[in-house]
Amino acid sequence: MIPYNRTVGTRDLRFDRHGIIFIVSGPSGTGKSTLVEAMLARHTDLTLSISYTTREPRAGEEQGREYQFVPRSDFEARRDRGEFAEWAEVHDALYGTARASLDEAVGLGLDMLLDIDVQGARQLKAAYTDAAVAVMVLPPSWEELARRLTERRTETPEVIERRLARARGEAEALGSYDYWIVNADRADAIATLDAIVRAERARVSRMKS
Ligand code: 5GP
């Protein structure tokens, strides 16, 4: 219970709570990255978690900015030492979130934003329970997702087909999530995610006892 007198002292109550791990997942082509960027622009006190990955950097990506790019042997050594709060294999590469930075953020009352897949979301929901809030971003329809992926013209038809199959699989994991956002209208989707962030921050149950 939070003593009533906590609300009348000189202490700044905004920082008197546990941090939140905001997880955003969703198939590629749903506009997830745009939503994540919009949240980081609106909430300067929200920190993007930089994952470790064994995949090669793409053109324009920088070491330490999009990911910590590491060799597979390095990743596996970290994993075996228990350094990841979650990890998963996605499209033949390994991805993982460092445990230390998440634990530190939660303890200090800082909020993190994670763009991770459904396997990772499940692991974090199991490990961090209420400190982890998972949001799934979905396309308005599978036809629309297929259209968006085809329009990009960056992938071959086989890759698009594989992404669509994976997208359907991800949507089936919706039961592990707290919220879902159907991204039909960008401004509307941003407003919904913003509302989730604000409401979750306002939960009395997050206050430190
Ligand atoms: P990309 O290689 O295109 O940046 O990401 C591929 C997929 O890996 C995306 O669905 C992304 O959400 C997921 N991903 C990125 N980092 C992590 C991570 O640390 N853990 C897990 N489980 N998935 C991740």
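User: Before we look at anything, what is a polar contact?
Analyst: A polar contact is a pair of N or O atoms within 3.5 Å. Please also keep in mind that the structure we are looking at is a predicted model.

User: OK, so which residues are closest to the ligand?
Analyst: The ligand is surrounded by 15 residues, and the closest of them are Ser51, Arg55, Tyr67, Tyr95 and Asp115.

User: How far is a polar side-chain atom of Ser51 from an oxygen atom of the ligand?
Analyst: The distance is 2.6 Å, which means that this pair falls within the 3.5 Å limit for a polar contact. Two further side chains can be described in a similar way: in Tyr67, an N or O atom of the side chain is 2.5 Å from an oxygen atom of the ligand, and in Arg58, a polar side-chain atom lies 2.9 Å from a ligand oxygen.

User: And how much of the ligand does the protein bury?
Analyst: The ligand taken alone exposes 510 Å², and 88% of that area is buried by the protein.

User: Let's switch to the sheet. In what order do the strands come?
Analyst: The sheet is an open one made of 5 strands, and following it across you meet E2, E7, E1, E8 and E9 in that order, with parallel pairing. E2 (46-48) and E9 (179-182) stand at the edges and have a single partner strand each, so one side of each is left without a neighbour in the sheet. Neighbouring strands are also turned against each other, by 25° on average when direction is ignored.

User: How many bridges join E1 to E7, and how many join E1 to E8?
Analyst: Strand E1, residues 21-25, is joined to strand E7, residues 111-115, by 4 bridges, and the two run parallel. E1 and E8 also run parallel, and 5 bridges join them.

User: Which residues stand opposite each other there, say for Phe22 or Val24?
Analyst: Phe22 has Leu113 of E7 opposite it, while Val24 stands opposite Val135 in E8. Ile23 is paired towards E7 as well, where its bridge partner is Leu114.

User: Is E1 enclosed or open to the outside?
Analyst: E1 is largely enclosed by the rest of the structure, because 5 of its 5 residues are buried. In a regular strand the side chains alternate between the two faces of the sheet. In E1, Ile21, Ile23 and Ser25 are on one side and Phe22 and Val24 on the other, and they are all buried, which leaves both faces covered.

User: Which strands does helix H1 lie across?
Analyst: Helix H1, residues 32-42, lies across E1, E2, E7 and E8 (132-138), and it runs at about 140° to E2. Helix H7, residues 186-201, packs on the sheet too, where it touches E1, E2, E7, E8 and E9, and its direction makes about 160° with that of E9.

User: Staying with H7, is Asp194 buried or exposed?
Analyst: Asp194, which has its place in helix H7, counts as buried because its relative accessibility is 9%, and the cut-off for buried is under 20%.

User: What does the side chain of Asp194 make a polar contact with?
Analyst: The side chain of Asp194 makes that contact with the side chain of His43, at 2.6 Å. If we leave aside its neighbours within four places in sequence, Asp194 is in contact with Met39, Arg42 and His43.

User: And where is Asp185?
Analyst: Asp185 is in the loop between E9 and H7, and with a relative accessible area of 43% it is partly exposed. A polar atom of its side chain lies 3.3 Å from the backbone nitrogen of Ala187. Asp185 and Pro140 are 45 residues apart in sequence, yet their C-alpha atoms are 9.1 Å apart in space.

User: Last thing: what is the phi of His91, and what is it for Thr129?
Analyst: His91 is not a glycine, and still it has a positive phi of about 45°; this residue is found in the loop between strands E5 (84-90) and E6 (93-98), and at 45% relative accessibility it counts as partly exposed. Thr129 also has a positive phi, near 40°, without being a glycine. Thr129 lies in the loop between helix H4 (118-128) and E8, and it is partly exposed, with a relative accessible area of 47%.

Key:
Residues are numbered from 1 along each chain as its sequence is written. This is a predicted model: local features need pLDDT of at least 70, side-chain atom pairs count only at pLDDT 80 or more; totals for chains, interfaces and linings use all residues. Side-chain values use heavy atoms; hydrogens and water are left out. Two strands pair if DSSP finds at least two bridges between them. Axes are lines fitted to C-alpha atoms, for helices over the stretch in contact, and angles run from 0 to 180 degrees between N-to-C directions. Contact means heavy atoms within 4.5 Å. A residue is near a molecule or strand if one of its heavy atoms lies within 4 Å of it. A polar contact is a pair of N or O atoms within 3.5 Å; within protein, one must be able to donate a hydrogen and the other to accept it, and residues adjacent in sequence count only if both atoms are side-chain atoms. Accessible areas come from the Shrake-Rupley method with a 1.4 Å probe; for residues, only the protein chains shown count as cover. Buried means under 20% relative accessible area, exposed over 50%, partly exposed in between (1.4 Å probe, protein chains only).
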